[in-house]
Structures are given as C-alpha cells and as structure tokens.
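Student: Got a minute to go through this one with me? I'd like to start with the cavities.

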2 protein chains.
Amino acid sequence: MSQFSSTAKSSVSSAPLTNNSRTASLDASTHAKAIQLATVTLEMCATAGVGNPTVAISATHLFTTLLYQSMRWDVASPRDASADRLILSDAAFAPLLYAACADLGVAGFVDGSWRALTTADLATFGAVDSALPTTPTPGTLAIVENAVGAHGAGLSLAVGHALAARLESSARRVFCVISDAELREGQLSEALASIIEERLTNVIPVFVASALSTNDRANAVDGIEALVNRLNAMGFETISFDGHAPAQIRDAVELTADASQSTSKSSKPKALVARCIKGWGAKSLQGGSWSGRVVTGEKLATALQDLRNARIGLTNAFAIELSRPIPREKTPQNPAVSMHAALEATPDFARAMKDADMLAVYQGGRLSTRRAMSLALRALGRAHGGVSVLECDARANMVSDMFAADRALTPRFNECRSAESHMIGVACGLASAGRVAIASASARSLVRAHEQLEVAARSGVSLTVVATNSGLGAIAEGASATSTNDVAWFRAIAAQQDASGHPTGYLLQPSDAFAAYALTLAAAAHEGLTIMRLPAGEQEFLYNAETTFNLGKFEVLVEGRDLLIVTAGAMVHEVNRALDDLDKAGIDATIVDLYSLPFDEAALLDLANANGGRILVIEDNASGALASSVSDACTAAGDPFIIESMCVRTPIVSARSFDEALRIAKLSASDIVARASRLLGIDTKS
Amino acid sequence: MSQFSSTAKSSVSSAPLTNNSRTASLDASTHAKAIQLATVTLEMCATAGVGNPTVAISATHLFTTLLYQSMRWDVASPRDASADRLILSDAAFAPLLYAACADLGVAGFVDGSWRALTTADLATFGAVDSALPTTPTPGTLAIVENAVGAHGAGLSLAVGHALAARLESSARRVFCVISDAELREGQLSEALASIIEERLTNVIPVFVASALSTNDRANAVDGIEALVNRLNAMGFETISFDGHAPAQIRDAVELTADASQSTSKSSKPKALVARCIKGWGAKSLQGGSWSGRVVTGEKLATALQDLRNARIGLTNAFAIELSRPIPREKTPQNPAVSMHAALEATPDFARAMKDADMLAVYQGGRLSTRRAMSLALRALGRAHGGVSVLECDARANMVSDMFAADRALTPRFNECRSAESHMIGVACGLASAGRVAIASASARSLVRAHEQLEVAARSGVSLTVVATNSGLGAIAEGASATSTNDVAWFRAIAAQQDASGHPTGYLLQPSDAFAAYALTLAAAAHEGLTIMRLPAGEQEFLYNAETTFNLGKFEVLVEGRDLLIVTAGAMVHEVNRALDDLDKAGIDATIVDLYSLPFDEAALLDLANANGGRILVIEDNASGALASSVSDACTAAGDPFIIESMCVRTPIVSARSFDEALRIAKLSASDIVARASRLLGIDTKS
C-alpha cells in the first residue's frame with residue numbers, strides 16, 4: 001500500500017556511527033518512518049472514506065517514536081504485564097495506530113482467528129468485521145484493550161491501567177494520547193486531578209497540541225501556553241517540545257522512564273505537550289478547513305506529493321532501519337485465585353454478619369442493602385486478591401467503607417471523589433487489566449457516566465457498577481438526590497446482546513440484604529457488565545440463607561391465580577404490606593420479585609397465563625424498565641394480556657420520607673389494593 | 001423560630017457614627033445576622049431531619065453580606081431584569097438561603113398562592129408541597145429560578161443567566177456559590193473555562209472553601225491554595241479572603257461591582273474564594289465527622305449555645321439593623337415579540353430554501369434534517385430576538401452554522417466547545433432568564449448531559465435539545481460516534497408528566513427535511529422541554545408543504561389492513577423501500593411515522609385494531625423507546641395484540657455505511673419483508 005516501506009528498508013546501514021551521526025541518522029530514520037505512516041494513513045482514510053487524517057498525521061512522529069523506540073513492549077504480546085501501553089483518547093489517531101501495527105505485524109482478528117496483520121489489511125479500515133474498526137474496540141487488534149473514542153475519556157482508562165500496574169508492582173508505563181478537541185471535556189480535568197492526588201507517575205498524558213482546534217484557531221483558553229500553565233498549576237511537571245523533532249520527543253519520553261518506578265511521595269507526575277502541526281508534511285492540508293475531512297482524488301495526490309517532498313529535506317543516506325520495539329523481560333503471571341475458589345472461601349451472609357459482630361442486627365431482621373453489599377465486598381476482597389473497589393465520595397455513599405477500612409484491602413480501594421465519569425473509566429481500565437472491579441456512586445450522579453458505561457458494555461469488560469439511593473427512597477435528601485429515570489437507560493443495556501448472544505449487561509435490583517449479599521457475589525463472578533441498583537434506607541429481611549439468586553432469574557414470593565404482581569427493590573416491601581388487604585378484597589395474587597433484567601421470559605409468561613393474563617407491574621421509578629420489559633415479553637406471543645403499570649408518573653419535588661413519597665406518587669399499599677381491585681373489576685367501595 | 005431576631009432589632013442605633021465606628025457596627029450587625037441565620041438553619045434541619053447544616057452555616061457570613069448588603073435586588077421582585085442573582089450550586093446551602101428569605105419576606109408558593117414568607121414557614125422545610133423543598137426548585141420560592149443541586153452544575157446555569165444579562169445589556173451580576181464537595185466535578189472545569197473564553201465578568205463564582213472536604217481533610221489537589229492557583233492559571237483574578245470577616249467579604253464583592261459592566265476585552269473575570277470553617281460558630285460541630293449530618297437533641301442544644309457564646313465577642317451595642325437589600329432601578333421589560341407573531345413572520349420550508357439560494361436542492365428532493373433545522377433556526381432567529389442557539393463543537397455538528405454566520409444573529413450564538421453537560425446547563429440558565437434556547441450536540445456525546453437534561457425537565461424551562469447523528473446513520477464515523485440507547489432514557493422523560501399533566505418532555509424524531517423544519521418551529525414554540533433526535537446523512541423528501549406536524553401526533557403514510565408498521569426517523573425510508581415487496585408478498589400494511597413521543601395513543605390503538613391487532617415496530621435504536629411505548633399503550637386495554645419489535649439488538653462495531661449497518665442489524669428492507677411475512681404466517685420461500 002505504501003511506496004515508502006521498500007525505500008526505508010534499503011537505507012539500512014550497519015556501518016559504525018559516531019554518537020552525533022547516530023542521532024542524526026536516528027532522526028532521519030524516524031522522519032522516514034513517520035512519513036511512511038502518514039502516507040499510509042492518508043491512503044487508508046481515502047479508501048475507507050472515513051477518519052480525520054490531518055489530526056492523525058499531526059501525531060506521526062510521536063507515534064513513531066513511542067511505538068518503535070521509546071515504549072518497551074513485545075509486538076507479539078502487547079498485553080503482557082511488562083509491556084508499556086498506548087491508549088488513544090481521541091479515536092482520530094486510530095488509522096495512524098493501525099498503520100504502525102500493520103507495519104510491525106501486531107495480531108488482528110481476521111476471518112475468525114488471530115494472525116499478524118500486514119499492510120494489505122489496512123484496506124479493510126472501517127469495514128464490517130474488520131480488525132481495524134473506525135473506533136478501536138477490544139477483540140479486533142491485540143494492542144487494543146478498551147473501546148475508546150469518547151472525547152476526554154481516555155485518560156481515565158489509562159489511570160485504571162496505571163493503578164493496576166501499581167498493584168502488580170509492574171514497571172510498565174501507560175501513555176495516553178489526547179487531542180486538542182478534548183481539552184474542554186470535564187472528564188479530562190477529573191482524570192488529571194486524580195493523577196496528581198494519587199501521585200501516579202506511571203501514567204503519562206501526552207497532548208497533541210496544535211494551533212488549530214477542531215473548529216477554528218484555538219482560543220486563549222485552549223492554546224498551548226494555557227495548557228502548559230494549567231498542567232503546571234495542577235501539579236504536573238510539564239514537558240513541552242516540538243512534536244516533529246524526533247530527538248526532542250525521545251528526550252521528553254526518556255524523562256518519564258524512571259518516574260514510573262518511583263513510589264516516592266515527592267515524585268511529580270509528568271505530562272507531555274507535543275507542539276504539532278495538523279496535516280504535518282502535507283502543506284496543502286494545513287488549513288483549518290481540512291480538519292475532520294477525508295482527502296481524496298487530486299487533493300490526496302497533492303498531499304502525498306507534499307509528503308514525498310518533505311522527505312527529501314529530512315532523511316539522508318545514513319538513515320538506519322528503525323528496530324522493532326524492545327520488550328522488557330516478560331513478567332511471570334501471578335497464579336490467579338479463580339473466582340470459583342474465592343466464592344467457595346467467601347462466607348455466607350449470616351456468617352459474614354457474625355464475623356462483623358453484627359449478630360444482634362442479624363437477629364433483628366433489618367439491614368440496608370448497602371450494608372449487606374459492604375459486607376460482601378470485604379468478604380470477597382479477602383478471598384480474592386484481584387478485587388478492586390472504587391467509590392465516588394465514599395463517606396456519603398458507604399458501599400465501600402468496610403472494604404476501605406480493612407488494612408489488607410485499603411491498597412485496592414480507590415476514592416474517586418466527585419468525579420463519576422472518571423470513576424467508571426478507571427474501573428473499566430482496571431477491569432481490562434484483569435482486575436475484578438466494583439464501582440459505586442449514587443444513582444443520581446451515576447447518570448453522568450452513561451457514556452462511560454456504554455463504553456464498558458462495548459468493551460465487554462467484567463465490571464460491577466453500583467447505583468445507590470435509586471428510586472424514591474432518598475427523597476428526603478431532595479429531588480437532586482433522587483433518581484428514577486436512570487433505570488430506563490440501564491434497561492436498554494440489559495436488553496441488548498453481545499455477538500455471542502449474552503446480555504451486554506444485567507440490571508439487578510435486590511430487595512433485601514440477603515439478595516444484595518448474594519447478588520454482589522454473583523455480579524462479581526459474572527464475566528461482563530452488571531449494574532446493581534440499591535434502594536435507600538433499611539429493609540426487613542424477606543429471604544433467608546436457603547434462597548438462591550441468579551442473574552437472569554426471579555423469585556416467586558407468593559403464588560396465586562387472580563393477578564400477577566411484578567415488582568422489584570424497595571417496592572417488594574410495599575407490595576408485601578398490601579397482601580392482607582388484597583386478600584380481604586378477595587384477590588389471590590401471585591407476587592414476583594423481578595430482581596434481574598433480563599429475566600426468564602418463558603417462566604414469567606407461564607405465571608402470567610396461570611393468573612388469567614392479568615399483570616400489575618409496580619416500581620418506584622419512571623416507566624420504561626420493569627413494565628416495558630414485561631410488556632415486551634408478553635406482547636410477542638399474541639395472547640391477550642392486561643398489563644397495567646404503577647410507576648412514578650410525575651417527578652416528586654419534596655417529601656420527608658419514602659412513605660410520603662409513595663403516597664404522593666400513588667404507589668402506597670392502599671393504592672396497590674385499589675388498582676388491583678379496579679383491574680379485576682372488584683368494587684372496593686362496598 | 002429564632003431567639004435572635006428580637007435582640008437584633010433592639011440594637012438599632014440612629015446616632016451618627018464615624019466611618020470607623022460605622023464599619024465596626026456594620027461588622028457587628030453582620031455577625032449578629034449571620035449568627036441568627038446559622039441558628040435558624042440548625043433548627044430547620046433538626047426539625048426536618050434533613051440537610052447538611054455544618055456546610056450551610058459555613059457560608060452564613062457570605063450569604064448575609066451578599067443578600068443583605070452587596071447584592072442589588074428587590075425583595076419583592078427578585079427576578080426583575082435589574083436584580084443581581086444568587087445561584088446555589090450545592091443544595092446544601094438551601095436552608096441558609098431559606099432562612100434569609102423568610103427573614104426578608106421573599107414570596108413563596110404556599111397553599112396554592114404566592115405570599116411573603118415568614119420564619120414560621122421554615123418549619124415546612126423539606127415537607128410535601130412546601131415552598132422550601134430540600135432541593136431548591138422553581139415554582140416554590142420567588143428567588144429560585146432553576147432546579148439546582150447537581151454537584152458541579154450550578155456555575156453553568158449562572159453562565160446562562162450572565163449571557164442573557166449581557167444580551168439585555170443589563171448591569172445585573174450573577175453570583176454562584178460553590179462548595180468544596182464540587183471541586184472535582186468536570187462540569188465545573190467546563191464552566192470556568194467558558195467564563196474565561198467569553199470574558200464573562202458579570203458572573204462571579206464564589207467558592208466556600210474549607211479545610212475539610214466531604215469525606216476527610218482536603219487533599220493537596222482540592223486545598224485552598226491549589227484552588228487559587230488553578231483559578232489564576234485559568235485566567236481568573238482570584239480574590240481570597242476570610243469568609244467570616246464581614247469587611248473582607250464586602251470589600252471582595254465590591255471589587256466585582258464595576259467589572260460586570262465592562263465589556264472591554266482586557267477585563268478579567270473574577271473569582272472569589274472564601275476561607276470558611278465548616279460549622280462556624282458551633283465549635284462542637286467542627287469535626288469532619290459532622291459533615292453531612294443533621295444535629296438534634298443535646299448536640300443541637302450545645303451547638304446553639306456555642307452560637308450564643310460566639311455572639312458575645314462579635315457583636316456590640318453599636319450594632320445597627322441591617323437594612324433590606326438596595327434594588328437597582330427596575331429595568332423596563334422589552335416589549336417581547338410573541339412567539340406566535342414570530343412564527344407568523346417565519347417563512348415556510350420552501351420559501352426558506354429559496355431565500356437561501358437552495359432552490360435547486362429543493363427541487364432535487366433531498367436534504368439532511370440537520371440542514372433543514374439550520375434553515376429553521378436562522379429564519380426563527382431573524383423573526384424572534386429572544387432566540388439563542390448553542391452548540392458543542394459547531395463545526396463538527398453543523399446545526400447552527402447558518403444562524404452563527406448571520407451577522408445579526410452571531411451575538412446570540414454560543415459555541416460551547418466539547419463540554420456537553422455545561423452547554424445544557426447554560427441553555428437552561430438562558431431559558432430560565434426568558435430566552436428561547438436551542439442547544440445541539442451529537443446524540444453520542446449528549447448522554448453526558450443526562451443529569452442536566454433531567455434538571456431542565458424538573459425546572460420546567462422552555463428548551464429545545466437537538467441530538468444529531470442519532471441511531472445507526474453515523475456508524476462510518478465509528479462506534480464512538482453512534483448512539484442507539486439514549487432514546488430509552490429520553491423516552492422515560494417523555495413518559496412522565498408534570499404537576500399539570502403535561503409531558504415533562506417531548507421526544508421528536510423527524511424523518512425528512514419538511515418534518516425537521518416544521519418540528520423545529522413547533523419545538524421552539526413549545527413551553528417546556530423538547531428533545532429532537534436527528535438522523536445522520538441526507539434523506540429524500542417524504543412530505544410537502546401541506547403536511548402539518550404537531551407535538552403528540554403522528555403521520556399515517558400508507559393505510560392498509562393486514563399489519564400496522566410503526567417507525568420513525570431514518571427507518572421510515574427503509575420501510576418505504578420495503579413497500580413494493582410487502583405488496584408482492586400480499587401484505588397490505590399501514591405505515592405510521594411516529595415522529596413524536598408521547599403520541600395520540602387512542603388514535604394508534606384504532607389503527608392497530610383496524611389491522612387485526614398485528615403491529616411491527618421498527619427502529620434503528622435499542623429497544624425501550626418506540627416498541628415499548630407502543631406495547632405500553634396497547635397492553636393496558638386488555639385486547640389481544642401481537643407486537644413484534646425490530647431494533648438494534650447487538651451494538652454494531654464497524655460498518656462503512658448506514659446500509660451496511662442495517663444489513664448487520666437485520667433491519668434492511670428485505671429483513672422487514674421477511675419479518676412481516678413471518679408475523680402474518682406467510683411463506684415467502686414459495
């Protein structure tokens with residue numbers, strides 16, 4: 001595909017060189033390789049008709065230096081624990097990464113199996129089933145560990161990887177390449193702040209800074225000088241250099257070599273700012289108007305000629321072949337405890353309560369699901385060294401407190417402050433580095449991380465996300481602490497399947513401490529994404545040590561024949577409260593705790609049919625989750641069903657308790673009895 | 001409620017005072033009032049059992065100085081165009097604001113009408129239907145214009161208000177009080193950057209900075225010194241002062257007095273950093289462990305005694321009664337053009353195309369919905385001076401380009417860079433200041449603003465949010481540019497109602513340029529939230545100048561009797577493409593373009609019944625929106641329906657075109673024919 005690879009190879013020289021001439025020839029070789037990759041990148045984008053090539057080629061020297069010279073990694077196993085990582089924050093750099101990977105022979109997933117890519121594979125860029133999708137995605141190219149491309153989100157993933165490396169005492173570094181277009185995203189600020197707080201010297205943000213932002217000349221706020229000032233003010237040691245001067249790049253990256261191994265509190269995280277030109281080497285593409293456009297036809301021919309011309313001044317006869325990257329010695333894999341063995345070693349809920357001196361509470365028969373989860377996390381953390389727990393503002397949230405307070409587990413706890421999107425990115429990074437990550441925040445603030453959660457689902461990582469104070473239970477803390485709509489979006493994830501037909505995520509809504517404890521363990525053991533929504537407050541025990549909970553199942557609490565009541569979470573208790581009055585009204589109801597989405601639809605349909613096709617779905621959330629899931633499951637069969645939905649129809653502004661909120665929302669036990677009676681045509685007035 | 005108001009009144013002195021003694025007595029009076037408000041705040045939180053009183057009272061001197069002395073506003077009309085504004089970013093300050101408002105007699109909505117509040121009303125804090133909900137919400141207290149309380153989100157609202165003030169050439173300032181707990185939220189960084197870029201000197205971020213963060217001693221990243229450095233590095237003139245020294249507070253605020261009126265490019269935005277003590281005045285509450293806790297019983301008694309003791313050293317016999325706030329002269333309201341008149345003056349789509357020299361394109365019969373919307377926005381902007389358009393990364397998105405390029409409209413265009421949450425906050429601020437705000441970003445990145453959109457819905461503001469590149473149409477730009485799940489969450493908003501029974505939002509999905517043009521105007525005219533999802537690419541014209549589009553309606557494209565096909569957006573065209581083959585298969589289908597959620601359910605049920613209860617719902621999105629809406633509407637009736645859903649079941653990783661994506665997702669015309677045939681039991685193999 002490229003006209004330069006053969007030229008580059010012919011310029012290999014084995015003659016001994018002086019230091020100066022060696023540097024000169026290394027520079028010349030870097031230029032030659034950089035121009036080769038830029039050429040291929042322009043061609044790839046033209047063929048595919050997609051991409052942002054002028055942004056991509058602005059980083060061509062940077063990628064060449066990182067991938068061929070400075071990073072220590074093995075082309076044959078780029079995900080070895082010893083290997084330096086390169087994470088693209090902006091997917092615009094993807095074709096450039098692909099060009100280098102094809103040149104180096106990194107493995108891609110082609111026609112159902114893995115093999116070393118060649119430049120011929122670059123023609124598939126962006127095509128269906130390509131190893132080189134427009135947005136880098138795990139499972140396609142061996143070097144890609146996470147789905148990326150959400151603007152401003154890559155550095156959080158890199159922080160996750162770096163935290164994993166620190167836990168493994170690995171010397172690997174994580175480079176994260178960030179574009180101009182991302183500078184305003186708040187999540188980037190969140191990630192930068194966390195690097196400073198954690199003194200994470202093994203993650204290195206690399207800014208590809210140009211005078212041109214996406215849409216016009218960069219303003220004072222996003223200019224290079226402003227960026228350097230901002231980074232320095234935060235506490236970074238910022239190294240700014242000419243992004244097209246090979247020696248300067250090498251020197252700058254060299255400065256990060258030792259830092260990664262330092263654990264001293266005085267060592268400062270470093271940030272690299274590469275001053276780059278959009279469309280470097282192709283003068284005809286350097287106007288702002290070219291940013292974001294694919295170059296084809298005559299314009300492409302001119303740009304390629306520009307690049308050829310650029311080569312003349314920059315490379316020379318002494319150019320040497322750039323060697324392949326030098327790997328570190330491979331890190332032997334720790335013999336990982338299997339999750340199965342860890343679960344065997346984890347006590348059951350009753351035992352965990354006893355171990356925590358909470359036997360009296362246990363006998364009292366009430367506990368918050370949050371506390372049950374906290375117990376489960378500590379127990380699991382002790383049994384499995386790979387478990388990491390993250391929380392935003394832990395003190396307010398309190399899912400992780402027992403884990404965090406256990407001295408043996410503290411190093412595996414990450415307080416992410418009030419930075420929800422960042423936290424999910426970090427958790428995703430940890431998970432893709434092989435850790436079992438459990439991340440918690442309030443349901444209300446977790447909606448900020450929706451995009452990161454979709455990225456996690458797309459990455460196929462094993463991750464448990466905990467949304468506390470879901471539904472109406474926290475209404476006393478205000479409307480700004482209450483979240484009822486998030487569930488609709490979570491359900492959309494639970495309703496999709498990955499390529500193997502597994503749900504892209506499970507949504508779990510436990511109703512008591514037994515369920516919360518058991519589902520926490522089941523979620524952690526699940527290979528994939530799980531979202532647990534926990535109600536606020538304390539709940540009475542509904543279950544016991546005999547009850548089993550499985551992803552995709554539900555629990556029948558009462559078996560009747562007149563009406564199927566489907567509910568979950570805190571509302572299970574309200575439905576229970578209505579039981580006596582339902583009975584008095586002559587209603588023999590079946591009650592299902594639908595704690596998991598998706599669920600066993602055939603089994604639920606059987607119950608619905610056994611109850612005359614009459615279904616009442618009750619949730620303290622907006623519609624769109626439970627009721628719609630049940631409707632969707634029932635309507636496909638073509639049998640007649642009456643499905644009525646009781647949910648939060650109007651957002652609640654103010655109430656001092658869950659009970660008050662249920663009353664306003666018309667979801668209290670007496671409302672349930674009235675609605676059930678109406679549905680069955682029973683006159684309750686008499 | 002407070003034991004101090006009478007004491008404070010008795011200390012009024014009318015004797016002439018020297019300047020020094022005047023300052024001293026003003027300080028003494030401020031202390032007296034601050035202690036009064038702190039006392040009431042602790043009592044309110046104790047009564048309600050909610051709140052974060054130690055955080056609230058840390059700002060008691062600040063609120064006293066701002067509300068009683070420095071801000072220019074009229075207690076009787078706090079929302080007058082001339083009045084300085086106070087926006088709480090952290091809802092923890094709400095009880096303190098309420099204490100001051102009750103003391104000053106600001107109007108609240110009590111038992112169905114507005115009246116001046118008294119301290120007796122404070123007992124209702126957080127109760128159902130209170131004028132003083134835990135989270136400040138519009139419609140309850142006259143001074144509250146926006147729902148607040150999302151951490152880190154308040155400053156964006158304030159920026160919106162400040163932009164509105166600038167457009168009105170008003171001298172009002174907007175103060176935004178931000179707590180420690182919010183410093184890590186990325187949206188705060190986004191808002192700060194935009195203030196610098198816009199040189200907005202009339203919005204003043206006020207940080208209540210304490211040594212204690214929410215969960216432990218503030219770390220190096222969030223400490224006061226780090227905050228000041230960060231603000232200065234961004235380009236603020238930062239004024240740091242003792243938050244409990246009345247004269248220092250007055251002087252600091254005084255420095256912002258002129259700045260608000262400067263439009264000079266050299267004037268620097270100012271930020272105030274008040275060094276405050278959590279639980280000021282109540283020594284017994286000053287440990288970190290008290291943060292976030294309500295203080296009751298003996299602890300409360302001790303705290304109140306602490307406050308009484310504090311008063312002794314800080315107030316003196318010369319304390320004067322703090323005067324009521326001094327209002328500016330009222331700003332006469334501009335005679336606003338009514339939206340009705342503006343719509344009358346707005347050309348129809350054909351005329352707008354002609355005005356834009358696009359007659360040839362019009363005759364070609366194809367245009368992107370994005371371009372049609374751009375035309376509508378410019379036409380509407382010319383007809384109505386209150387229209388403001390916002391966009392994130394406008395060049396990439398291109399909904400606003402015609403508006404932004406029109407010199408008369410440029411001042412009403414706001415480029416918000418890649419900062420989606422911030423943009424929605426700004427739009428919400430503009431809308432609550434009376435402007436018609438239309439804010440656009442890609443559907444993919446707009447999910448970051450979910451929380452801000454919920455806040456907008458809760459605020460009841462008139463706001464149009466545009467999500468471009470929705471569904472599978474932008475798949476060539478990569479999975480990171482594709483958004484199929486956002487629709488489920490938008491639908492949850494569209495399925496809820498406000499207190500008056502109106503939908504909390506409409507979700508609109510136009511399928512062609514006529515629909516996009518008309519729905520843009522309808523959305524702008526709607527008093528409430530509207531979310532428009534635009535497909536990527538160009539679409540053929542389906543409609544003409546005769547077609548009318550209304551929120552809550554749908555369009556019947558074809559009337560049949562065998563099968564009701566319900567679809568929207570880009571998929572309407574794919575269904576059209578299937579028509580011939582449906583006909584050949586002997587299927588006489590009804591086709592509905594369900595461009596609005598919610599929709600006229602009774603009318604759709606009639607159509608369903610006229611088609612034998614057989615419904616096929618087709619969308620290039622995740623399930624949870626169209627199909628679930630139709631299911632929910634049908635299942636309540638109890639009639640037998642067969643509803644099948646064709647949607648994106650598996651996220652698409654890579655494809656070079658919409659057509660390729662439809663093929664992989666099994667949503668192409670031939671898939672539609674096959675599915676319809678199967679549903680009707682027709683053997684297509686023969």
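Tutor: Sure, we'll take cavities, then domains, then a helix. It's a predicted model, where local features need pLDDT of at least 70, side-chain atom pairs count only at pLDDT 80 or more, and totals for chains, interfaces and linings use all residues. Residues are numbered from 1 along each chain as its sequence is written, chains are lettered from A and ligands numbered from 1 in the order written, and side-chain values use heavy atoms, without hydrogens and water.

Student: How many cavities of 30 Å³ or more are there?

Tutor: There are 17. A cavity here is a set of points on a 1 Å grid over the protein atoms alone where a 1.4 Å probe fits but cannot get out; volume is the space filled by probe spheres set on points joined across faces, edges and corners.

Student: What volume does the largest have, and which residues lie nearest its centre?

Tutor: About 190 Å³. Of its 16 lining residues, Thr484(A), Pro651(A), Glu454(B), Arg458(B) and Gln496(B) lie nearest the centre; lining means having an atom within 4 Å of a point.

Student: Which helix gives the largest share of that lining?

Tutor: Helix 19 (residues 450–459) of chain B, with three residues. Helices are DSSP runs of H or I, at least four residues, numbered from the N terminus.

Student: Switching topic: how is chain A divided?

Tutor: Into domain 1 (74–280), domain 2 (339–540) and domain 3 (556–680), with bounds from an automatic or database assignment.

Student: And what's with helix 8 of chain B, which residues are buried?

Tutor: Ala226(B), Leu227(B), Val228(B), Arg230(B), Leu231(B) and Met234(B), buried being under 20% relative accessible area with a 1.4 Å probe, protein chains only. Just after that helix, Gly235(B) has a positive phi of about 120°.

Technical notes. On a 1 Å grid over the protein atoms alone, a cavity is a set of points where a 1.4 Å probe fits but cannot get out, and a pocket is an open set with protein on both sides within 12 Å along at least five of seven lines; lining residues have an atom within 4 Å of a point. Helices (H or I, at least four residues) and strands (E, at least two) are DSSP runs, numbered from the N terminus. Buried means under 20% relative accessible area, exposed over 50%, partly exposed in between (1.4 Å probe, protein chains only).
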